[in-house]
Structures are given as structure tokens and as C-alpha cells.
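I opened this entry to go through the strand pairing first and the cysteines afterwards. The notes follow in the order I looked things up.

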Amino acid sequence: KKYWETRKYENQAEKIALKKLFRLIRSKNRIIDIGGGFGRLIPDYAPLFKSCLLIEPSEKLLKEANKVCQKYPNVTLQKSFVEQLPVQDESFDVALMVRVAHHLNDLQAMIKQVQRILKPGGYFILEFANKTHFKNRLEAIFHFNWRFFTDHTPESLKTKSSSNPFFNYHPNQIKTLLLSNHFQIIKCLSVSNFRQAWFKKLLPLRFLLWLENQRQEMCFGQSLHLAPSIFVLAQKEK
């Protein structure tokens, strides 16, 4: 929660994107929130779905999520890891995974699990940290690193707060993984376009979110993703 206290813009930017993607989903019976943490997104999907399951490996975060669940009786919690989802095959209409992919070095295993638990025609909302964001592109040009533009492998980073690696993924790699696992990509949104500190200091939050709302929908081509975060809506083949 402390993390999000200083990231009100990023929090609201992601909620704007989710609202747009949920509108495109017809069947809103069962949803699974994979790696849902302390339940940050529960208020955004619980009113829309009949039954909701939040999966989280951390007991500490599950305790926090349980407090959020008091308002939403249709939400249940379960401790589990992404790679071994304890649910039946083809049992969910929607799978949601936000702020989780950058912790995983094996997206193939995760996507296979999601493909298994979704009903035919079910939807997968996946957020991932974008390797090809604007700042990385500028740095590649400045250092004459032309290989950056053809290298689709993940970018492994070290964060200040943790020794665990942080993976930025190339959009083309995500696209290939989804298509090879029988998903069709419905829509992509560029999210947190104005994450830079000077933007947030200079512009009021309300105006920044208005700009964000407009920018998410702007399309400069399927291969040009400039935001640090990408939301993908994919549908499992029927």
C-alpha cells in the first residue's frame, strides 16, 4: 500500500485501461485475479462479475486482501503460485494478471496455465513491463545500439528495493507467446504514458489522467509501443 501512496497517477492509469478492456468482454460470470496482491483491483472487477477468485502466494498480502473482501461477498481468496493454479480446467471466463509478468522469467509456463483454466472463448487481460518504451528507444539511438530494435529477448533489471530481477518484455515476444498458445489478440493499450517524475510534478493529476485517457487509445502502429506498461486483451480460441 505504501508503494501506491506515491503512485496515484499509475494506479488510476491502470484502472482507466481496465475499464476500457472490461467493456469489450461479454461474459462476466467468473474471473480469476492472478497475483492479485492486497486486492488493489478488487473494487474494479468485483461489481462486474458474479464470482471472483484472487490468487496470491504471499500470506501477508492475502490478509490485507481479506480486509478489502469484506465489502464484496462474491470474492474468495486462495494462496497459490502462478505456475500451479489450483483450479479446474476451463472454469473461468476471464483471467486477469497485472503487475506480475515482470517477476516471471518463464512466461510460457504461465500462459499455458491460463490457457488451461479459461473456457473456450475466454479472455486474458495481461499487463507487462515494456522493453521498447520511449526512454529505452532514446538511449539505444544515443548509444548507436541498433541491435536493440531487433532483439526480442527480455531485459533483466535490478531494482533498488529488491535483489530479485525485474523483466521488461518485448511486445513481439508477448504476441508470439500468446498466438502460439491459441490466443487471439483483441486489443492493446499503452498505459502510464506520463510516468516521468517531472510530468507528475508539473501537471495536476486530473489533467494528467485526461491526457493518459487520450493517449492510451492513440495508435502509432502495432510495432511502436512507447509506454512503460502494456495491457493486452487476448481471447482463447473457441
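I began with Ile34 and looked up what faces it across the pairing: Ile55 of β2 stands opposite. The model is a predicted one. I then took the strand pair as a whole. Strand β1, residues 30-34, and strand β2, residues 51-56, run parallel and are joined by five bridges.

Next I traced the sheet. I found seven strands in an open sheet, in the order β3-β2-β1-β4-β5-β9-β8, and the pairing is mixed. At the edges I noted β3 (75-79) and β8 (183-191), each of which pairs on one side only. For the twist I read an average turn of 15° between neighbouring strands of this sheet, with direction ignored.

I then checked what packs on the sheet. Helix α2, residues 8-23, does so, and I listed its contacts as β1, β4 (92-97), β5 (118-129), β8 and β9 (229-236). The direction of α2 makes about 150° with that of β8.

I turned to the cysteines. How many disulfides does the count come to? I got zero. I looked at Cys52 in particular: the nearest cysteine sulfur belongs to Cys69 and is 8.9 Å away, whereas a disulfide needs the two sulfur atoms within 2.5 Å. Cys52 is therefore in no disulfide.

Last, I asked whether Cys52 is buried or exposed. Its relative accessible area is 1%, so I entered Cys52 as buried, the limit being under 20%. Cys188 has a relative accessible area of 27%, so I entered Cys188 as partly exposed.

Note on methods. Residues numbered from 1 in each chain as written. Predicted model: local features only at pLDDT ≥ 70, side-chain atom pairs only at ≥ 80, totals over all residues. Heavy atoms only, no water. Pairing = 2+ DSSP bridges. Helix = DSSP H or I, 4+ residues; strand = E, 2+ residues; numbered from the N terminus. Axes fitted to C-alpha atoms, helices over the stretch in contact; angles between N-to-C directions. Contact = heavy atoms within 4.5 Å. Buried < 20%, exposed > 50% of the residue type's maximum accessible area, 1.4 Å probe, protein only.
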